[in-house]
Amino acid sequence: MRMGLFTMFARLADPPAPATGAWRVRTGDGHEGVVLMEGGRVCWANHSLSGRLTDEIERRYGVDHAAIEQVVRSCRETHKPFGAALVEEGWITNDQLTSALREHTCRSILSLVKAGVYQCEWVPHQGSGYSPETTISLTQTVSSCVAMIKGMGAEGLETSLEELLAGEAAGLL
């Protein structure tokens with residue numbers, strides 16, 4: 001059965017305990033993607049048709065391609081998280097990393113849904129490795145994805161929802 005955006009999020013919201021691992025996502029066009037989670041929070045998502053996070057960091061923040069490739073090689077050797085290494089080495093700030101991860105994650109999830117999600121399989125991981133400040137709740141992920149579809153920031157979506165609910169949601173969103 002093909003999953004729409006909200007059906008997919010309902011599936012993502014129910015990872016087996018301890019909620020740390022990856023949802024391996026298969027699409028109708030034969031591609032695969034992944035949504036990594038830690039403690040029930042979204043760390044990162046990827047789909048081959050959504051572009052590379054490294055390319056996005058290079059484009060958004062002007063980090064030299066050779067520098068990014070060196071960080072990637074170093075991370076493979078040391079098993080250090082890529083984003084943490086970029087921040088520690090001063091290539092980007094933690095806020096920039098969080099923003100790039102959120103945007104890339106939403107683009108990847110939307111790309112998966114457009115390709116036709118047919119299966120989400122849970123693959124548990126043994127340990128942790130993502131900084132809590134760079135992970136996002138499932139609610140934040142849903143809001144960011146819907147905001148991206150609508151062409152607005154997540155804050156703009158929250159304002160629009162409050163206006164739509166006309167005072168009934170005052171202080172709730």
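# Notebook: a cavity, a helix crossing and two loops

I started with the largest cavity, which has a volume of about 30 Å³. Before going on, I noted for myself that this is a predicted model. My search of the whole structure turned up 1 cavity of 30 Å³ or more.

**Entry 1: the cavity walls.** Which residues line the largest cavity? I listed Val 42, Cys 43, Thr 98, Leu 101, Arg 102, Thr 105, Thr 134 and Ile 136. Sorted by class, that lining has 4 nonpolar, 3 polar and 1 charged residues. Next I looked up which elements they come from. Both β3 (41-47) and α5 supply at least two residues of the lining. The element that gives the most is α5, with 4 residues.

**Entry 2: Thr 98.** I picked one of the lining residues, Thr 98, for a closer look. Thr 98 sits in helix α5, which covers residues 94-115. Is Thr 98 buried or exposed? I found a relative accessibility of 15%, and buried means under 20%, so Thr 98 counts as buried. I then asked what Thr 98 touches, setting aside neighbours within four places in sequence. The answer is Glu 133 and Thr 134. I was pleased to meet Thr 134 again, since I had it on my list for the cavity lining.

**Entry 3: where α5 meets α6.** I stayed with α5 and turned to its crossing with α6. Two packed helices are described by the angle between their axes and the distance between the axes. Here the axes of α5 and α6 come within 9 Å, and they cross at roughly 75°. An angle from 65 to 115 degrees counts as roughly perpendicular, and α5 and α6 are therefore roughly perpendicular to each other.

I wrote down who takes part. From α5 there are Arg 102, Glu 103, Thr 105, Cys 106, Arg 107, Ile 109 and Leu 110. They meet Gln 140, Thr 141, Ser 144, Cys 145, Met 148 and Ile 149 of α6. By class, this contact has 6 nonpolar, 4 polar and 3 charged residues. Looking back at the cavity, I saw that Arg 102 and Thr 105 are among its lining residues as well.

**Entry 4: Ala 147.** Helix α6 spans residues 138-150, and Ala 147 belongs to it. I found Ala 147 buried, with a relative accessible area of 1%. How far apart are Ala 147 and Cys 106 in sequence and in space? They are separated by 41 residues in sequence, and their C-alpha atoms are 9.6 Å apart.

**Entry 5: the loop between α1 and β1.** Then I moved to the backbone. I came across a cis peptide bond joining Ala 17 and Pro 18, with omega about 5°. Pro 18 is in the loop that runs between α1 (5-12) and β1 (21-27). Ala 19 is in the loop between α1 and β1 too. Ala 19 is a residue other than glycine, yet its phi is positive, near 65°. I looked up its surroundings: Ala 19 is buried, with a relative accessible area of 12%.

**Entry 6: His 79.** My last stop was the loop between α3 (65-78) and α4 (82-88), where His 79 lies. His 79 has a positive phi of about 65°, although it is not a glycine. Is His 79 buried or exposed? With a relative accessible area of 70%, His 79 is exposed. I set this beside Ala 19, which is buried.

Definitions and conventions:
Residues numbered from 1 in each chain as written. Predicted model: local features only at pLDDT ≥ 70, side-chain atom pairs only at ≥ 80, totals over all residues. Heavy atoms only, no water. Buried < 20%, exposed > 50% of the residue type's maximum accessible area, 1.4 Å probe, protein only. Contact = heavy atoms within 4.5 Å. Axes fitted to C-alpha atoms, helices over the stretch in contact; angles between N-to-C directions. Parallel < 35°, antiparallel > 145°, perpendicular 65-115°, else oblique. Nonpolar A, V, L, I, M, F, W, Y, C, P; charged D, E, K, R; others polar. 1 Å grid on protein atoms, 1.4 Å probe; cavity = no way out; pocket = protein on both sides within 12 Å on 5 of 7 lines; lining within 4 Å. Points joined across faces, edges and corners; volume = space filled by probe spheres on them.
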